[in-house]
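Student: I would like to practise justifying structural labels. Could we go through some together?
Tutor: Gladly, let us take them one by one.

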Amino acid sequence: MTAPSDRPSVLFVCVHNAGRSQMAAAFLAHLAGDRVEVRSAGSAPADSVNPAVVEAMKEVGIDISAETPKVLTVDAVQASDVVITMGCGDTCPVFPGKRYLDWQLDDPAGQGVDAVRPIRDGIERRVRELLNELTN
């Protein structure tokens, strides 16, 4: 196993940490294993992960039912090499030396699983591209 400092670290941030950032973190952790350190957080975390998001991820074999939304902290941003925002606007702290990406994705909040699937699939594509960049 590589030392933690040798692994790239990615933080996914959205407003509620109940949908998009949870899906992205779950995909990256699932696909990368221990090759990448993965975090997710929200600028205004919800009480729980969106049930339609949990269901949509279960359909692709990833169980996030035990995940809970986490509050975005300065420490989490400082500890990450790449910070990927998904609609958190100006509430995301910005630090020099970090790589920032903003993924424009529909918000699954209040949506059923049929509406979440295309969001999930778009996130998976982007995560696979990111993982390819980080590990090659």
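Student: What makes R120 buried?
Tutor: Buried means under 20% relative accessible area, exposed over 50%, and partly exposed in between (1.4 Å probe, protein chains only). R120 has a relative accessible area of 6%, so R120 is called buried. Keep in mind that this is a predicted model, where local features need pLDDT of at least 70, side-chain atom pairs count only at pLDDT 80 or more, and totals for chains, interfaces and linings use all residues. Residues are numbered from 1 along each chain as its sequence is written, and side-chain values use heavy atoms, leaving out hydrogens and water.

Student: Why is E59 called partly exposed?
Tutor: The relative accessible area of E59 is 38%, which lies between the two cut-offs, so the label is partly exposed.

Student: How do you know that R120 and E59 meet in a salt bridge?
Tutor: A salt bridge is a side-chain nitrogen of Lys or Arg within 4 Å of a carboxyl oxygen of Asp or Glu. Here the N to O distance is 3.1 Å, so the pair qualifies.

Student: What makes R99 and E133 a salt bridge?
Tutor: Their side chains come to 2.7 Å, N to O, so that pair meets the definition too. R99 is partly exposed at 33%, and E133 is partly exposed at 47%.

Student: Why is the pair of D121 and R120 called a salt bridge?
Tutor: Their N to O distance is 2.9 Å, so the criterion is satisfied. Salt bridges that share partners join E59, D114, R117, R120 and D121 into one network.
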